[in-house]
Amino acid sequence: MSMATSTKRSQKWREDMHEFRKKHGLSKAVLLNCCLVKRILAWTTPATKDSVEDELEMATVCHRPEGLEQLEAQTKFTKKELQILYRGFKNECPSGIVNEETFKEIYAQFFPQGDATTYAHFLFNAFDTDHNGSVSFEDFVMGLSVLLRGTIQDKLKWAFNLYDINKDGYVTKEEMLDIMKSIYDMMGKYTYPILREETPRQHVEIFFQKMDKNKDGVVTIDEFIDTCQKDENIMKSMQLFENII
């Protein structure tokens, strides 16, 4: 493969990404609010002179996604979008899967002022839907589809799954606090306005009191969605996820 061919492919890749943003409902602002999509955009730009060797290495990908038609039916991405996303995905992960350490590296880069380790762990578990310790391309685009193009209910279901750390179908006050604390730890002490140490617990107490309508000590998905949709302040807080995922 010649260098000229590689350069042409890279140029086509960037053009595709531009069309991806322009024609399919993803504004630049939305893309840049999503750390995982930021990383994809970085993947689409060749970083070294070894791009030819990299492309040859990518030819040995050992994990292939399901048929694009099936993924197209399961997500809100077009076939062309899925092709673009897969090229970026396998460029970074030739094996076709992402492990937890990669998630931690991504969030450490975007939140250097704090400690993103715990939040990245929780987020990885939310994407790892079959709980096998890795995120495949299918897992990745299914989650991304919800986060970028899902309805409010879709996004709230996804957020509930994130809060439900042990995946038993309920969210406890302790689980909610663990997620909140991990977010505050990631944002760091240099945020403005400055966040006090007791702030996460205060927020959780308020949220949980509103959500746990039957006062049984746990929040169901119905309670979670119903409360979020009816409470403007909680919905505003939930939008924080769109800026840190």
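Asp-231 is buried in this predicted model, its relative accessible area being 14%, which lies under the 20% limit for burial. Its side chain meets that of Lys-210 in a salt bridge, with an N to O distance of 2.8 Å. The two residues stand 21 apart in the chain, and their pairing links distant parts of it: Asp-231 belongs to the loop between α13 (221-230) and α14 (232-238), whereas Lys-210 lies in helix α12 (residues 199-211). Unlike the buried Asp-231, Lys-210 counts as partly exposed, at 36% relative accessibility.

A further salt bridge is formed by Asp-226 and Lys-213, whose closest N and O atoms are 2.1 Å apart. This pair, too, links distant parts of the chain, with Asp-226 in helix α13 and Lys-213 in the loop between α12 and β4 (218-219), 13 residues apart. Asp-226 counts as partly exposed because its relative accessibility is 24%, and Lys-213 likewise counts as partly exposed, at 44%.

The structure holds 9 salt bridges. Among them is the contact between Glu-101 and Lys-104, in which the closest N and O atoms are 3.8 Å apart. Both residues belong to helix α7 (residues 100-110), and because they are 3 residues apart there, about one helical turn separates them. An α-helix has 3.6 residues a turn, so residues three or four places apart point the same way. Glu-101 is partly exposed, with a relative accessible area of 46%. Together with Glu-100, Glu-101 and Lys-104 are linked in a network of salt bridges.

Helix α9 (residues 137-149) is mostly covered, since 11 of its 13 residues are buried. The buried residues include the charged Glu-138, Asp-139 and Arg-149, as well as Phe-137, Phe-140, Val-141, Leu-144, Leu-147 and Leu-148. Gly-143 and Ser-145 are buried as well. The length of α9 was compared with expectation: at 1.5 Å a residue, its 13 residues should span 18 Å, and the end C-alpha atoms are 17 Å apart, which agrees.

The largest nonpolar core has 53 residues. Within this core, Tyr-107 and Phe-224 have the most contacts. Helix α11 (residues 173-187) supplies the largest share of the core, namely 8 residues.

Conventions
Residues numbered from 1 in each chain as written. Predicted model: local features only at pLDDT ≥ 70, side-chain atom pairs only at ≥ 80, totals over all residues. Heavy atoms only, no water. Core = buried A, V, L, I, M, F, W, Y, C linked by side-chain atoms within 4.5 Å. Buried < 20%, exposed > 50% of the residue type's maximum accessible area, 1.4 Å probe, protein only. Helix = DSSP H or I, 4+ residues; strand = E, 2+ residues; numbered from the N terminus. Expected span 1.5 Å × (residues − 1). Salt bridge = Lys/Arg side-chain N within 4 Å of Asp/Glu carboxyl O.
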